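User: I have a structure open and would like to go through it piece by piece. Can you help me read it?

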Amino acid sequence: MNRFEFPAFLKLQNLRPWWLKMAVLILIGYPLISNRPAGIIAVGLEKLVPETPGSVLALPIITFFIWACCLPSLGTAKLLDYLAAAYTMAITTVVSGAVLRGLLPALFPADSADNFRLLRVYFNILAVFPYSLTFLNSFAVSNLMTRLTKTRGRFRDAGLHLALALRICQHVGEVIPKLLLVWREENPDMLLPRCRDDWHSISSLLRWPVWIIRSISQWIFACIILTFEPIPVMVNEIEQIDESRDSDAPDKI
Amino acid sequence: MPRIKSKFAETAVIAALTALTAVTTMLVRVPIPATNGYFNIGDVFIILAGLWLGPRAGFIVGAFGSAIADAIGFPVYIPATFIVKGCEGWLTGIIAGNSGPVSLTRPVVAAVTGGLSMVAGYYLFEAFIYPLLGRQIPMFNITDPAAAFIALLPNAIQGLSGIVGGLALWKAMTAGSQNHEISDEQPFSGKHG
Amino acid sequence: MNSAEKKMTISAFDTYEGLVDNFVQSTGIFFPKMAAGRGEFFRGFSQWLACLRKSKPLAVITPDPAQGLALPNAIQIITSALNQSGSNSGEAEAAMLIEKYGLHTQMLTQPVSTLSGGELLLLNFAKAEAQCGHVTALAACNPVFWLNHSRHKYWLNLCRHYEIQEKPVDVLILRGDQLDVSAGSDKFPPVAPLPVNLLVDAPLVNFPEIQFPVFHAASKLQYSWASGPEEIFSPFLLTGDNGVGKSIFARLLAGILPISAGRAFVMNSDGNRNVRLLFQEAIAQLFAMSPFEYLRRVFSSSRALLAEAVGLFRSLMQAMLSKQLSDDDQIWNSLLAGKACLIAARLAEKPALLLLDEPGWGLSRSDAGNLIFNTCRLAHQLGTGVGIISHQPEWHDFAASNLKLKKIAPEQVEISHEPI
């Protein structure tokens, strides 16, 4: 399979200095925090083709713009991975909202204008998910840590805490795929237990929700434990960096 | 709550709980169209952080974890969430104080107060503050007192799930844990070759 | 014994739990004993939070080498360690250092989570050398377990470096480790071979996570069978150099890594193609449960299988320990019991093949031998074949077939069947 590599200058992670990178990323993300670009696109579209629902079409246009900006930095395979997760999240959010509106109208009442709001939430999730991960991956935590090991001054403590916090957040992102691999070996169907010999009767319909609830609790505990597991070693490493600077320059503030 | 002796250890645990709050908040989301908000189960970790690590951790986990999740899909709620969820964690931590796993009364009162503060806080924002802000900044013009009233019930269910889940997790995590001091440094004590 | 070795203090332990306890006591770094379940984990973690003790700066090689690497890739790990020691040389010195420890410079930017056990250990060595200027000593757990014999020299290089710097090296090993000079050679009687059909038709695996953010040649791997489809005999040994792709092949056979092209499967005489796997990091497979909690959870929907799995677990433990065990014995919450429980749960389902990926990790040599011998005996009684995946040669004599993996190109691995 031929791999297409985007030119290095198109990749946001290569942009220097850091403040320019930050400025470009904020500029790309501006349509996600302000309604103004969507409004301008909607008005433009309605002028161009009067019968077009501009405000609806503006949403996918902005989403495509964000994806196009993220694509060179992420590459096709990674963007598709992120989009798979974003679509899952967006669809479950919107569908659960729509279903509960029908089932429990007293709890989740809505009118026709709310359909547009749900659509906006849908496209917002599709755009923000890959964007925020591109944003995070554009700044290497360890580069920050490398700088901090050399830093002198009053911000060094804050910087080290920030570096540790960011690394832990990255680690949380690694735990879930690891658990998925273990889960798949145990339960290849993912939502059904591998060993279910007694599940040929009607009563198995009742067992499935129990199994799912227990599985959710198990996942929560496994996620917490695997997230906490490397913390002592990471803390030890950061403390050593802290101590090494203390011993190098005890008199500097 | 454990006395955390390392400032970096505290940061690491708070960061882990913040990330887990963001993940669980994003995982199960049911939109409430009337207020443009959504139902979620992220409160479990906010209550847990308040009970386990105290008010400061509770505030950081609640404010940042939930605000990060709001950024994906519901950015207009970031300011309200930052304050309301932050206060939820802070209040839980303040009331729980240094209660160990032996007594359940204080933790339960703390968790219930935290949950109630979340429901009340969102009502305050949705019924009064956002409509007021909406007059100046159109972005916030998304809700009104009637819609806020409708959202009370889903928010109360969310609060209840947070209280029950948070207490259950806290109980499981602290069961049997006592602050044994690790003995002084010992040399390697095996067979020497 | 080499002069560099004489400078180090070696402590040998019978159990993983004993080794971990000592590691925690000496370094102040909490290291969980996951097989004891979540209650024990949270108890230990809370104690660590409350009683965290600042020790002198130490370079550590943790019982699980993956845990000692707190940054995402080699370049960041090494430059950060070099900076601790006051060196500002950066990437060039980092590259030199990882080459010194037998790793390719391509690995500088490869995510740590995608490296093999041996590569992780060598990266730990490079990091420990980079830290040497700052730390007072090196505390290393099982420093040669994951290495092929030809790579033990890297451990000696690290010891020599610490010796020159006049810094002590404390080594914690499990009894029977290759650094244990008193270790005898435990021999286990062979078990009667069981035929297994293995078909390998150029399976290709892609790893998109290694392509990001920098492209790597290691982002895909294709296996080829040197001598065509043939019958092999259980227990078979799947061996090869560090990082050749043994664990990937095991995951591929077990069906948990998707194959992009070609095919690979195992089939027994009944046409059964079910393959189960005991991971290298088997402890993660307990999903934060103790052994009995795990069995109750996994077989919650099948009482018959639960009874069978519990029976197999108890008989495996009793055969290994050669004594009657009471229910409150601590051994039920050990890593050995965790592995036995995972094996019993898999055998209860009677798969065509049970793959054991580095089953000896975390066990003393006699425990590892006992576990593998008794697993093979029990599995063959049930008609299940056993494959042992290991870089360690001592299983060669025990195996009925020997499959050797060899890299013939950066993305190509050849599997050959070597008669025993």
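Analyst: Yes. Chain A has nine helices and zero strands. Keep in mind that this is a predicted model.

User: What pattern does chain A follow along the sequence?

Analyst: Read along the sequence, the pattern of chain A is α-α-α-α-α-α-α-α-α.

User: And what share of chain A is buried?

Analyst: Chain A has 253 residues, and 47% of them count as buried. Its accessible surface is about 13,100 Å², with 69% of that belonging to carbon and sulfur atoms.

User: How many helices and strands does chain B have?

Analyst: Chain B has seven helices and two strands. From the N terminus on, the order is α-β-β-α-α-α-α-α-α. Of its 193 residues, 56% count as buried. The accessible surface of chain B comes to about 7,500 Å², and carbon and sulfur atoms make up 72% of it.

User: What about contacts between residues far along the sequence, in chain A and in chain B?

Analyst: Take the contacts between residues at least 6 apart in sequence. In chain A, 64% of these join residues at least 24 apart. In chain B the figure is 71%.

User: Now the place where chains A and C meet. How do helix 8 of chain A and helix 3 of chain C cross?

Analyst: Two packed helices are described by the angle between their axes and the distance between the axes. Here helix 8 of chain A covers residues 204–228 and helix 3 of chain C covers residues 38–51. Their axes come within 11 Å and cross at roughly 35°. The crossing is left-handed.

User: Which residues meet there?

Analyst: From helix 8 of chain A, they are Gln218(A), Phe221(A), Ile224(A), Ile225(A) and Phe228(A). From helix 3 of chain C, they are Arg38(C), Phe41(C), Phe42(C) and Phe45(C). By class, this contact has seven nonpolar, one polar and one charged residues.

User: Which residues have the most contacts inside the largest nonpolar core?

Analyst: Phe228(A) and Trp155(C), in a core of 211 residues. Phe228(A) is also one of the residues that helix 8 of chain A brings to helix 3 of chain C.

User: What does Trp155(C) touch?

Analyst: Leaving aside neighbours within four places in sequence, Trp155(C) is in contact with Met8(C), Phe125(C), Leu138(C), Ala140(C), Pro143(C), Val144(C), Val169(C), Val171(C) and Leu179(C). There is also a second, separate core of 37 residues, which includes Leu12(A), Ala86(A), Phe129(A) and Phe74(B).

User: I see a proline at 130 in chain A. Where is Pro130(A)?

Analyst: Pro130(A) is in helix 5 of chain A, residues 113–137. Its relative accessible area is 0%, so Pro130(A) counts as buried. Leaving aside neighbours within four places in sequence, its contacts include Trp67(A), Leu83(A) and Ala86(A). Pro130(A) and Leu83(A) are 47 residues apart in sequence, yet their C-alpha atoms are 6.8 Å apart in space.

User: Change of topic. Which peptide bond before Pro17(A) is cis?

Analyst: The bond from Arg16(A) to Pro17(A), with omega near -5°. Pro17(A) sits in the segment before helix 1 (18–33) of chain A. In chain C, the bond from Ser234(C) to Pro235(C) is cis too, with omega near -5°. Pro235(C) is in the loop between strand 7 (230–234) and strand 8 (236–240) of chain C. For background, most residues other than glycine have a negative phi, and most peptide bonds are trans.

User: What is phi for Met190(A)?

Analyst: Met190(A) has a positive phi of about 65°, although Met190(A) is not a glycine. It lies in the loop between helix 7 (156–186) and helix 8 of chain A. Phe287(C) also has a positive phi, near 55°. Phe287(C) is in the loop between strand 10 (275–278) and helix 9 (291–298) of chain C.

User: Are those two buried or exposed, Met190(A) and Phe287(C)?

Analyst: Met190(A) is partly exposed, at 24% relative accessibility. Phe287(C) is buried, with a relative accessible area of 5%.

User: Last one. How many residues of helix 8 of chain C are buried?

Analyst: Seven of its eight residues, which run from 246 to 253. Among them are Lys246(C), Phe249(C) and Arg251(C). After this helix comes Gly255(C), with a positive phi near 80°.

Note on methods: Residues numbered from 1 in each chain as written. Chains lettered and ligands numbered in written order. Predicted model: local features only at pLDDT ≥ 70, side-chain atom pairs only at ≥ 80, totals over all residues. Heavy atoms only, no water. Helix = DSSP H or I, 4+ residues; strand = E, 2+ residues; numbered from the N terminus. Buried < 20%, exposed > 50% of the residue type's maximum accessible area, 1.4 Å probe, protein only. Contact = heavy atoms within 4.5 Å. Areas by Shrake-Rupley, 256 points an atom, 1.4 Å probe, with all protein chains shown as cover. Axes fitted to C-alpha atoms, helices over the stretch in contact; angles between N-to-C directions. Left-handed = near helix turned anticlockwise from the far one by under 90°. Nonpolar A, V, L, I, M, F, W, Y, C, P; charged D, E, K, R; others polar. Core = buried A, V, L, I, M, F, W, Y, C linked by side-chain atoms within 4.5 Å.
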